[in-house]
Structures are given as C-alpha cells and as structure tokens.
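Reader: I'm new to this one, so could you walk me through how the two chains meet?

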Amino acid sequence: MVRGMIIALCLVALNGTAQQETYIRPGLMRSTMTFSPSYMLNNTTTNYYVTGLLEGYLNKHLSIRSEAHYLVGAKSPELSPFFKNSIRASLGIQLHAPIGNFDSYLGFAPSFSVSQLNADIDVNGDHPFHFEPSFAIKAGVTYYVWKFFNFFAEATYYNTTVLNLDRINGRADELMISVGLGFNINTMKKR
Amino acid sequence: MIVLFPFFGNSQPLNIKKTQSGIFSTGIRTTISTFNGGELSNIGTGLGGQFMIQLSDRINTSWYADYIRGSSNELSTRTDYHIGWSVMYYLTKKRTPKIKPFVMAAHCFDYTKLTENANLSNSITRGSSAIQMGGGFHYNLTERMDLTFVSQYMIHLGEDIHAEVRNGNLEYEKHKGAGLEGHLLFHIGINYKIADLW
C-alpha cells in the first residue's frame, strides 16, 4: 500500500512539476499531525502513534526538524503488546534532493523515549518508567501540491533498547511508517 | 524554539569580525559507547549536547554533557553521566571547507551507576574524572551548520566498578586505581554556529 502511494506521489509530481510555482526554497516551513503504524523489529507488536512534526528548510537541500510520537494503541498476537505507554521525541536534520516541488530526503535525529512496559512490573505492582536515549534514521518523499499543502510518505527506523529489565528482552527497535497530508508555508520571500 | 532559531538565523550570513576566534556554536549529539568495562557486547547509546567556543583559527573548545545507557552484563544495567570539555586542533585553517578534520583531547567528570535489573535497589555508584583522546571531522552542510563525527577513547582516573555473576548471584565490586579500561566512544553531532562573539 505504501509503495503504491509513493508511486502515485511520484506520478502526480512529474505531472505537476512543469506547471507550478516552486515552493521548496529557504524559509519553507512544514508541519503535520498524522497516525503512524510502527512495526517492532524484535517482537511481534505493532504500535500506533500520533505523530507531530515541525520542520524548517535552511536551504533547498537542508532542513532541521523536530518530531514527537505518542503511543495511542498497539496490537500483538502475543499476550500483551510490548509498550504500555510510550512517547518518543527527536531533533535532527534532513538532507533533501528536490526536483521541482517533489522532494526526497534522508534524515538523522538524536532522540529519546519515555516508556512503560506491560511485562515490566515492580514489587509494588507499578510499571516503572524508562528514559532511554535513542536515534532515528529516516527516508521519505514529499510532494508540495500547493503553497499551503503537501502529501508525504516516509519510513523511520528508531534504534532503542529499554534497560533495567529482568528476564525481558529490551530491544525495542521500530520501523515507523507515516503517510498523509502536511501543511506548509513559505516564511521568506523568493530571492 | 530550537527549530525556529537556526531556521531564521540561517538567512543571515555569519559575520566574522577578525579571525575565527570567538565563533560560538551549539548542538546535540548521539553517542555510541563500546567496550564498556572491556566487553564489546555491552554497547551503550547516549544522548547529549554541547556548545563550542573557538579560540583561534585552529583551536576550538567543546563543552558537553552526555547521558549514556547500556548493559553491564546480562543481569545489570550501566548508566553514565559525562560532563566535560574538549580541545580540538584543526588540521586546516580554512573556515568552512566541506570536511574539516581535527584531533582532540578532553577531560570530563563522570558519574556511573550500575543497577541490578531484577532489584533496582541493588546498585553501586562511582564519581570520577576521565581523560579522552581522539579525532574526528566536521562535515559542513552550510556556513553555519555541520555534522560532526568523533571517535575517542576515554580512560577513567578513579575507582573501577563492575558487576560479577557468581553462582547465579549478582555482585558489585569496586577497585581503586586507574586502568586502560574505559569506553571507546563514537559521537554524531549536529552543530549550529550562532555568532562570532569577539
């Protein structure tokens, strides 16, 4: 499904590139909120996050981006999903290769997660919080369809290990997929 | 605010007053810590930040703090807090070549805590200082922003703490003296030059 959407984005982009004003330039700011399914790579859980992001283009090929993910649900064929609660946040950069209003990018972001695990219960019956450093690597595409809207699709790998766990595998790497509608605005005039 | 500051600041050229001395920058970094306690398998991941003040065309200083988490062994978790400073010697005087290599030496204060996974009240701590030597390079993305890659070895000057499993029980040990066991650290940082202060 995701591959189909990416191909569709590319076709729309190729069709529109020759006709439109180019929106990708220094000062472009984009933001969105979307739902992101996320596949855990070390167990069978699929997590569902609400994702919010804010990104600003320093030039056509470089942007700085902050992002946060809040776990709203999960499913697993096992007894219970890995996370009971989870929040992820990151701040990093993205390198872009724009063609007209079609943009493809790679990104790197130092990040952290705060989580509680279903299987991790202390002597008081509570689920302890775990604050863990992590990092994210991202690849994606965006097509800016108008001066205020864009369509995007991206995949993010989060490297995370939850520690201080007794007889629980704490590897919690995730592959997160985000697809949807984004909002953008040019905050600087074309030079 | 963190996103917006470089976003709008980037539209202004970085005004250099005389030399590169006085360039002030700040950033964040991810740390990978290997050879924790001499074991390659106990790899830690860290999150930290730094600011830099350049003292001459070839000398820069970095003031940093890191929070690193990793396994100590299969029954124990290690947490390291580092705060310190580095001196970097650039191999070129050019201000923003695409790649700007440097060698570096550093000193830091660190606080280490080992905690038993099955019993969080069973732990051992140590405060010490450490020295580091290494090298790296800035990959300049723009006049103001760079990716920085660093590799350095950290030697602790203080008591050594580690966890041992004996007869299935976890025991913590503390030994006086310095050794070559420490961390081999790799950093990937993102830095933004704010201004030339003098």
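Reader: What makes a residue part of the contact, and how many residues does each chain give?

Author: Contact means heavy atoms within 4.5 Å, and 33 residues from chain A and 31 residues from chain B take part. This is a predicted model, where local features need pLDDT of at least 70 and side-chain atom pairs pLDDT 80 or more, while totals for chains, interfaces and linings use all residues. Residues count from 1 along each chain as written, chains are lettered from A and ligands numbered from 1 in written order, and side-chain values use heavy atoms, leaving out hydrogens and water.

Reader: How much area do chain A and chain B bury between them?

Author: About 2700 Å², with 76% of it on carbon and sulfur atoms. Buried area is the accessible area (1.4 Å probe) that two parts lose on being put together, summed over both. On chain A's part, L58(A), P133(A) and N164(A) supply 23% of what chain A buries against chain B, more than any other three residues.

Reader: Why is the pair E132(A) and R69(B) called a salt bridge?

Author: The term needs a side-chain nitrogen of Lys or Arg within 4 Å of a carboxyl oxygen of Asp or Glu. The closest N and O atoms of E132(A) and R69(B) are 2.7 Å apart, so the pair qualifies. The count between chain A and chain B is one salt bridge.

Reader: What makes residues on chain A's touching side nonpolar, polar or charged?

Author: Ala, Val, Leu, Ile, Met, Phe, Trp, Tyr, Cys and Pro count as nonpolar, Asp, Glu, Lys and Arg as charged, and the others, Gly among them, as polar. By that scheme, the side of chain A that touches chain B has 19 nonpolar, 10 polar and four charged residues.
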